[in-house]
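Dear colleague,

I am passing on the structure we spoke about, and I would be glad if you kept it open while reading the notes underneath.

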Amino acid sequence: MLPRLAWWTGRSLSHSLLLPPPTSSTRFIAKCLNKNMGVDNNLLAKPRRRANFRLCNVSCYTSEVLEIQSDAPTLHVLFVPGNPGVILFYKDFVEFLYELLEGTASVTAIGHVSHSRKNLEHGRMFSLQEQIDHKIDFIREELENVEIPILLVGHSIGSYISIEMFKKSPEKVKYCIGLYPFLTLNPHSTTQLVIGKIAKSQVLAAALSYLTASLGLLPVQALRFLVRKSLGKSWSANAVEAACSHLSQLSEAPDWIFMRERKAQLAFLFGVDDHWGPLHLLEEISKHVPGMATYIERENHTHGFCCTEAGSLWVAQHVVNLIKNQMACSNQ
């Protein structure tokens, strides 16, 4: 329980310190970008097709899925969340993505194993590699008969997972987009350093676990207030504990060789002053993989874009722009 409180508190503090420039420009490096594609804010007020939530069995593990199936899809977008891997955070994003693709694609979001409000796996913790294997198994078991191209979209640690999925399924995956990517440890992040140290302390773990459990005894309204103001919106202990354990499981550097080989099929969106996906990582990517499509979001939506409709819509539009331009480039 301990890392959960520290992680959410750290995330809330880091978000409150984000002060990006008040410009609306985004840096585009992709050669085939259509600059006339903007964000249709009217979509916020329009009715939209709702995503369906279901439970499915993936390699004997109960998994949460959020999806919208198109009647005549030309591609399938598979979304992998960040931590906490609770897909209901991304409901608005999934729905906006489907609407903006105008029914030409089916959209599926697959949650992380045990990252749910229900204790589906009886408290068992899953390593980062097991989460990666789970997503690869999902493609094999649920999308094996899908003959249209599969496009991966990952958020935060989901970007790392998506790249690993791409490596294992290059024949089915045609494009991969990382949103606010957490690809490697950030040595300049005080938050990541604090989380790592707290997670290793049994004393602090027990203390914060007790504190977090005590919060559950508060009246509902008081608890909701605290959650909104400081801790975040998910009460999945496994999700945040996994965030801490994943810090030690990331490789020291991204797989530059694979990225260079597939750079035309990869794109990343970075946020300003995002310690999970810092701009110095963008610079490293530009250095090691020249010409890869990298972008900077300057709309102040932050790493937790999915927590607001406006953020979900903006990022969905960005993803759709990338998909449409990728399709246009591949057809030339």
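The notes below cover aromatic pairs, charges over rings, and one histidine with its surroundings.

Please bear in mind that this is a predicted model. A search of the whole structure finds 7 aromatic pairs. One of them is formed by F79 and Y90, whose rings are tilted, with 4.7 Å from centre to centre and 55 degrees between the planes. Because F79 lies in strand β3 (residues 75-80) while Y90 lies in the loop between β3 and α2 (91-100), this pair ties together parts that are 11 residues apart in sequence. Both F79 and Y90 are buried, and ring pairs link these two residues with F93, Y180 and F305 into a cluster.

Two charged residues also lie over aromatic faces: R48 is placed over F96, at 4.2 Å from the ring centre, and K167 is placed over F258, at 5.8 Å from the ring centre.

The histidine is H112, which is found in the loop between β4 (105-110) and α3 (128-142). Its relative accessibility is 6%, so H112 counts as buried. A polar atom of the H112 side chain lies 3.0 Å from the backbone oxygen of P81, and a polar contact of 3.1 Å joins the side chains of H112 and K135. If neighbours within four places in sequence are left aside, the residues in contact with H112 include V80, G82, N83, Q131, I157 and I161, as well as P81 and K135.

With best wishes

Terms used:
Residues numbered from 1 in each chain as written. Predicted model: local features only at pLDDT ≥ 70, side-chain atom pairs only at ≥ 80, totals over all residues. Heavy atoms only, no water. Phe/Tyr/Trp six-rings, centres within 6.5 Å; stacked < 30°, edge-to-face > 60°. Helix = DSSP H or I, 4+ residues; strand = E, 2+ residues; numbered from the N terminus. Buried < 20%, exposed > 50% of the residue type's maximum accessible area, 1.4 Å probe, protein only. Lys NZ or Arg CZ within 6 Å of the ring centre and 35° of its normal. Polar contact = N/O pair within 3.5 Å; in protein donor to acceptor, adjacent residues only side chain to side chain. Contact = heavy atoms within 4.5 Å.
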